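Let's take a walk through this protein chain together. Keep the sequence and the 3D view at hand as you read.

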Amino acid sequence: MSLRLVEIVVNDAGKDRVLAELDKLEDDRFVSWSAGGEEENEPLRARILMESQAAAGLLDKLEKLFSGEKGFRIVVYPVQATIPRLEEETEDVENNNGKEPTNGQRKEAIIREELRASVQEGAELTPVFALLAVLSSVVASIGLLRDAPAVVIGAMVIAPLLGPNVGLALATVLGDVNLSRTSLKTFGAGILLVVIPAFLLGAILGLEPSAELSARTGVGLSDLALALAAGVAGIVSLSQGAATALVGVMVALALVPPLAACGLFAGAGAQAPALQAGLLALTNVVCLNLAGVLTFALRGVRPLRWVEQKKARSAMLRALLFWTVLLLAVGTVIFLNTRLP
């Protein structure tokens with residue numbers, strides 16, 4: 001069971017309203033409570049130990065009611081363990097008044113704001129991101145040239161391309177324009193930072209026969225399945241709170257080797273194989289993003305307010321249409337390539 005420690009802080013003027021809502025919880029999950037001391041303007045501070053699903057419902061409710069209150073803030077801490085153990089909750093007190101949780105609530109395994117904060121950090125273009133992208137390109141290129149699968153796997157471990165991919169999918173379902181722009185900028189830069197070093201290595205070192213390189217010049221339906229599986233696995237694992245380094249390997253598997261192969265072929269002047277590797281990379285990008293948007297949507301990740309939900313739904317439908325059309329176009333090219341002599 002995933003637990004959260006929720007800390008609520010509000011100025012003196014809003015104490016009574018917040019207290020009235022907290023009193024409706026009618027349980028003993030409060031582990032710390034301070035409603036102000038001798039000083040008149042001392043803020044209210046309350047800490048509540050909750051299962052993450054219940055915490056998500058409480059946060060949404062309090063944000064709707066008090067987000068405009070002066071000095072209001074909610075801080076959420078992850079909890080590794082508690083003694084005595086908090087019993088499993090079989091009903092959602094906040095949202096269902098004793099009824100069974102809905103399917104969407106069961107699917108929520110991480111609080112929306114936690115998820116966004118985690119994704120935002122990985123989606124930003126930083127010097128560390130740029131360095132890791134370049135290093136992953138160099139390592140992957142050497143592995144491809146030497147026909148060394150272990151070296152290629154090493155490149156996938158350090159590749160940072162998970163963040164912008166997940167950021168773009170999350171921005172779509174939340175209708176978050178700023179996160180979408182950040183993710184697109186970082187992802188575009190990441191592609192260039194992988195392709196350009198590989199291009200230079202291809203121009204300097206040339207090409208040698210390699211099974212690893214040849215494997216990146218053919219695109220088949222199995223590649224579509226691989227990229228879709230990588231996208232779903234990445235989103236599900238991340239929303240469960242898994243370490244991003246482990247999840248990123250699956251996404252990097254679909255992106256870094258074909259991008260590096262594209263750069264190597266182009267640098268060596270082999271245009272036809274470069275286009276084939278580029279098509280494989282494009283296929284994987286489409287599948288990763290399509291799978292990411294669908295997975296977030298099916299897990300019930302959405303904005304808090306109705307107006308935001310309406311805008312996000314429209315953005316999500318447009319994105320799904322775009323990625324689906326692009327997938328059909330890529331699939332058509334793959335089908336024709338397999339049929340032509």
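The paragraphs below go from the whole chain to its strands, its cores, a helix pair and a few single residues.

A word first on how to read the numbers. This is a predicted model, in which local features need pLDDT of at least 70 and side-chain atom pairs count only at pLDDT 80 or more, while totals for chains, interfaces and linings use all residues. Residues are numbered from 1 along each chain as its sequence is written, and side-chain values use heavy atoms, with hydrogens and water left out.

Let's begin with the overall picture. The chain has 14 helices and four strands; these are DSSP runs numbered from the N terminus, with helices (H or I) of at least four residues and strands (E) of at least two. Of its 341 residues, 45% count as buried. Here buried means under 20% relative accessible area, exposed means over 50%, and partly exposed lies in between (1.4 Å probe, protein chains only). Among contacts with a separation of 6 or more, 79% are made by residues 24 or more positions apart, where contact means heavy atoms within 4.5 Å.

Now turn to the strands, starting with E1 (residues 3-10). Eight of the eight residues of E1 are buried, so the strand is largely enclosed by the rest of the structure. In a regular strand the side chains alternate between the two faces of the sheet. Both faces of E1 are covered, with Leu3, Leu5, Glu7 and Val9 buried on one side and Arg4, Val6, Ile8 and Val10 buried on the other.

Which strands pair with E1? One is E3, joined to E1 in the antiparallel sense over eight bridges; E4 (residues 73-79) is also antiparallel to E1, over seven bridges. Two strands are said to pair if DSSP finds at least two bridges between them. You can trace the ladder residue by residue: Leu5 has Leu49 of E3 as its bridge partner, Val6 stands opposite Ile48 in E3, and Glu7 is matched with Val75 in E4. Strand E3 (residues 44-51) is itself largely enclosed by the rest of the structure, because six of its eight residues are buried.

Next come the cores. A nonpolar core is a set of buried Ala, Val, Leu, Ile, Met, Phe, Trp, Tyr and Cys residues joined through side-chain atoms within 4.5 Å. The largest one holds 63 residues, and Leu170, Val173, Leu255 and Phe296 touch the most other members. Helix H13 (residues 271-298) gives the most to this core, contributing twelve residues. A second, separate core has 17 residues, including Leu22, Ile48, Leu58 and Leu59. Back at Val173, its contacts, leaving aside neighbours within four places in sequence, are Val293, Phe296, Ala297, Val301, Arg302, Pro303, Ala312 and Met316.

H13 also carries a polar residue worth a look, Asn284. Is Asn284 buried or exposed? With 4% relative accessibility, Asn284 counts as buried. Not counting residues up to four places away in sequence, Asn284 touches Asp223, Ala227, Ala254, Leu255 and Pro258.

How do two helices sit against each other? Two packed helices are described by the angle between their axes and the distance between the axes. The axes of H5 (residues 112-123) and H9 (residues 177-205) come within 9 Å and cross at roughly 35°; the axes are lines fitted to C-alpha atoms over the stretch in contact, and angles run from 0 to 180 degrees between N-to-C directions. Arg116, Gln120 and Ala123 of H5 make this contact with Leu179, Thr182, Ser183 and Thr186 of H9.

Just past this pair, Glu124 lies in the loop between H5 and helix H6 (127-145). Glu124 is partly exposed, at 35% relative accessible area, and apart from neighbours within four places in sequence it is in contact with Phe129, Thr182 and Thr186. The C-alpha atoms of Glu124 and Gly167 are 9.2 Å apart, although 43 residues separate them along the chain.

Finally, follow H6 to Ser141. Ser141 is buried, with 0% relative accessible area, and touches Ala198, Leu201, Ala260 and Leu264, not counting residues up to four places away in sequence. In the loop between H6 and helix H7 (149-158) you will find Arg146, which counts as exposed at 67% relative accessibility.
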